[in-house]
Amino acid sequence: MTIFYCIEDDLSRSVAEVIIQLCCPGASMQEVGRAYGGYGYIRSNLRKFHNLAQRSPVFIITDLDRETCAPSLRKKWLKASNVSEPLPGNMIFCVAQTEIESWILADRNGIAAFLKISPAKISDNIENSIVDAKEYLVKLAKGSSSRDIRDDLTPVVESGAPTGLKYNFRLSEFVRNDWNPEEAAKNSSSLRRAITKLSSLAR
């Protein structure tokens, strides 16, 4: 079985691949298009993904960002693409609440060890208490006892950038090697739904 997937950035790619490997062991993976830089590509190609899902599994991850809720985002995007519910069983359309970083942060012990901070400093209710998960993660990194973490993940003030130069690289490395999605799913309902839906493909 080949699972096609579409995501917003490099970090989301690492998350998608780890989840696919967990839920569908032995499945091959193929990225569809390049949505890097935002959700525009995903939103404008939902019809294409819908058609592809008639033949093969398609896994889509986008960020909720500032949208009111996942059902609202989903309804707007599907309507704009002239795609109606219910979606094909092979089309797994998931919305990370609020950003992909919230799924990563939900593995509190894992990310705390990576950031070299106490797990107690990480909210146990990321989805409902943190509006901007990326900003929150960078703030946590600033308090790291590791200079490498601080240098790699946090931006130079003068740059005006939201993250450090190695932010995506270092976090992707953590996701591939140490992130525990099953633990994270205990603290993230949107991740838990994604894992449940993907796991259904392997039955």
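## Nonpolar cores

In this predicted model, the largest nonpolar core (a set of buried Ala, Val, Leu, Ile, Met, Phe, Trp, Tyr and Cys residues joined through side-chain atoms within 4.5 Å, where buried means under 20% relative accessible area with a 1.4 Å probe and protein chains only) has 50 residues, and those with the most contacts inside it are I19, F59, W103, I111, L115, L153 and W179. Helix α1, residues 10-23, gives this core its largest share, seven residues, helices being DSSP runs of H or I with at least four residues and strands runs of E with at least two, numbered from the N terminus.

Leaving aside residues up to four places away in sequence, L115 touches L137, L140, A141, S144, S145, I149 and L153, a contact being heavy atoms within 4.5 Å.

## The second largest pocket

A pocket is an open set of points on a 1 Å grid over the protein atoms alone where a 1.4 Å probe fits, with protein on both sides within 12 Å along at least five of seven lines, and its lining residues have an atom within 4 Å of a point. The lining of the second largest pocket includes A70, P71, F93 and R193, and α4 (70-80), β4 (91-96) and α12 (189-199) each supply at least two of its residues. The largest share, four residues, comes from α12.

## Basis of the values

Residues are numbered from 1 along each chain as its sequence is written, and side-chain values use heavy atoms, without hydrogens and water. Local features need pLDDT of at least 70 and side-chain atom pairs count only at pLDDT 80 or more, whereas totals for chains, interfaces and linings use all residues.
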